[in-house]
Amino acid sequence: MDHTIYTDLLQAKKKGQKKFAVLIDPDKVRLGKVDKVLQLAKDANVDYFFIGGSLIVNDMLDLLIKSIKENTNIPCILFPGNSYQLSYKADAILFLSLISGRNPELLIGNHVLAAPYLKMSPLEVISTGYMLVDGGVPTTVQYISNTRPIPANKDDIAMSTAIAGELLGLKCMYMDAGSGANNPVPESMIDMVSSAVNVPLIVGGGIRTPEKAMANVKAGADVIVVGNAIEKDPELIIDMSAAIHSVKTSV
Ligand code: 1GP
């Protein structure tokens, strides 16, 4: 297992450079449409593909990653909704601990089951504190994880949670309002969390416009994840990527 992707993230953070990840849910994929997304992602210099969803009910995972690998050099990072969503074909995996919740299976239980597989696998394992933030609508991840999100106006709870995650040794934080959230994570919360921890901060959920993506990176996000909005309008990749990459924060 090498540490290429994490090292790259740390270096970018050090330089104040921002990254853009396009989330592809294998369940929602029609391979015809993916070709267009892949071409746009190449043209727009997308940094990563995140691959995952809360429910994966088909066997598209391997097929999707194979197709990405054949057509682009963009790294594929697994963003698994559960421990069955694993594939050796990806480059890395976000090894998520749902630290905003109090469900022991998602804090450590599933990790124990997946650990022997991951230890043997060629995947780069990036331990990540996953923080679900209330996005104004019940999301699949809330239902499936059986956890309550952090209230959107409780910046201090988010900050304390992220600090705890960092002190426990998690290498990244991911603040997520959940796929298709009405309200994305507020900038004030991103600002407070990013000021409190040194590890890279990933932010996603309900980001629909380049303006919001830009506001998030200005507030301190290091990686922006967009899924739904791009599924609806793949061309959005171009403007999203330009907006995110145009920001360079001082460090
Ligand atoms: C969800 O952060 C991701 O886990 C992306 O959310 O699909 O709403 O962009 P969207």
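**Exercise 1. The ligand site**

In this predicted model, find how many residues surround the ligand and which are the closest.

Solution. Step one: the count of residues surrounding the ligand is 13. Step two: the closest are Asp176, Ser179, Gly180, Gly206 and Gly227. Step three: sorted by class, the shell holds four nonpolar residues, eight polar ones and one charged one. Glycine is placed with the polar residues in this sorting.

**Exercise 2. Polar contacts and cover**

Identify polar atoms of tyrosine 174, serine 179 and glycine 206 that pair with oxygen atoms of the ligand, and state how much of the ligand's accessible area the protein covers.

Solution. A polar contact needs a pair of N or O atoms within 3.5 Å. Start with the side chains. Serine 179 places a polar side-chain atom 2.5 Å from a ligand oxygen. For tyrosine 174, the distance from a polar side-chain atom to an oxygen of the ligand is 2.9 Å. Next, turn to the backbone: a polar backbone atom of glycine 206 is 2.8 Å from an oxygen atom of the ligand. Finally, consider the cover: on its own the ligand has 310 Å² of accessible area, and the protein covers 96% of that.

**Exercise 3. Two asparagines with positive phi**

Locate asparagine 45 and asparagine 146, and decide whether each is buried or exposed.

Solution. Take asparagine 45 to begin with. Its phi is positive, about 55°, although the residue is not a glycine. Asparagine 45 sits in the loop that joins helix 2 (31-43) to strand 2 (48-51). Its relative accessibility is 54%, so asparagine 45 counts as exposed.

Now take asparagine 146. Here too phi is positive, near 55°, in a residue other than glycine. The loop between helix 5 (140-145) and helix 6 (155-167) contains asparagine 146. Asparagine 146 counts as exposed because its relative accessibility is 65%.

**Exercise 4. Threonine 72**

Work out where threonine 72 lies, whether it is buried or exposed, and which backbone atom its side chain approaches.

Solution. Threonine 72 belongs to the loop between helix 3 (60-71) and strand 3 (76-78). With a relative accessible area of 6%, threonine 72 is buried; the cut-off for buried is under 20%. A polar atom of the threonine 72 side chain lies 3.2 Å from the backbone nitrogen of isoleucine 74.

**Exercise 5. A nonpolar surface patch**

Name the residues of the nonpolar patch on the surface and place valine 112.

Solution. The patch consists of Leu107, Ile108 and Val112, which together have about 260 Å² of accessible area. Valine 112 is part of helix 4 (residues 104-120). Since its relative accessibility is 54%, valine 112 counts as exposed.

Terms used: Residues are numbered from 1 along each chain as its sequence is written. This is a predicted model: local features need pLDDT of at least 70, side-chain atom pairs count only at pLDDT 80 or more; totals for chains, interfaces and linings use all residues. Side-chain values use heavy atoms; hydrogens and water are left out. A residue is near a molecule or strand if one of its heavy atoms lies within 4 Å of it. A polar contact is a pair of N or O atoms within 3.5 Å; within protein, one must be able to donate a hydrogen and the other to accept it, and residues adjacent in sequence count only if both atoms are side-chain atoms. Accessible areas come from the Shrake-Rupley method with a 1.4 Å probe; for residues, only the protein chains shown count as cover. Patches are made of residues with over 30% relative accessible area and no salt bridge: like charges are joined within 9 Å, nonpolar side chains (Val, Leu, Ile, Met, Phe, Trp, Tyr) within 5 Å. A salt bridge is a side-chain nitrogen of Lys or Arg within 4 Å of a carboxyl oxygen of Asp or Glu. Helices (H or I, at least four residues) and strands (E, at least two) are DSSP runs, numbered from the N terminus. Buried means under 20% relative accessible area, exposed over 50%, partly exposed in between (1.4 Å probe, protein chains only).
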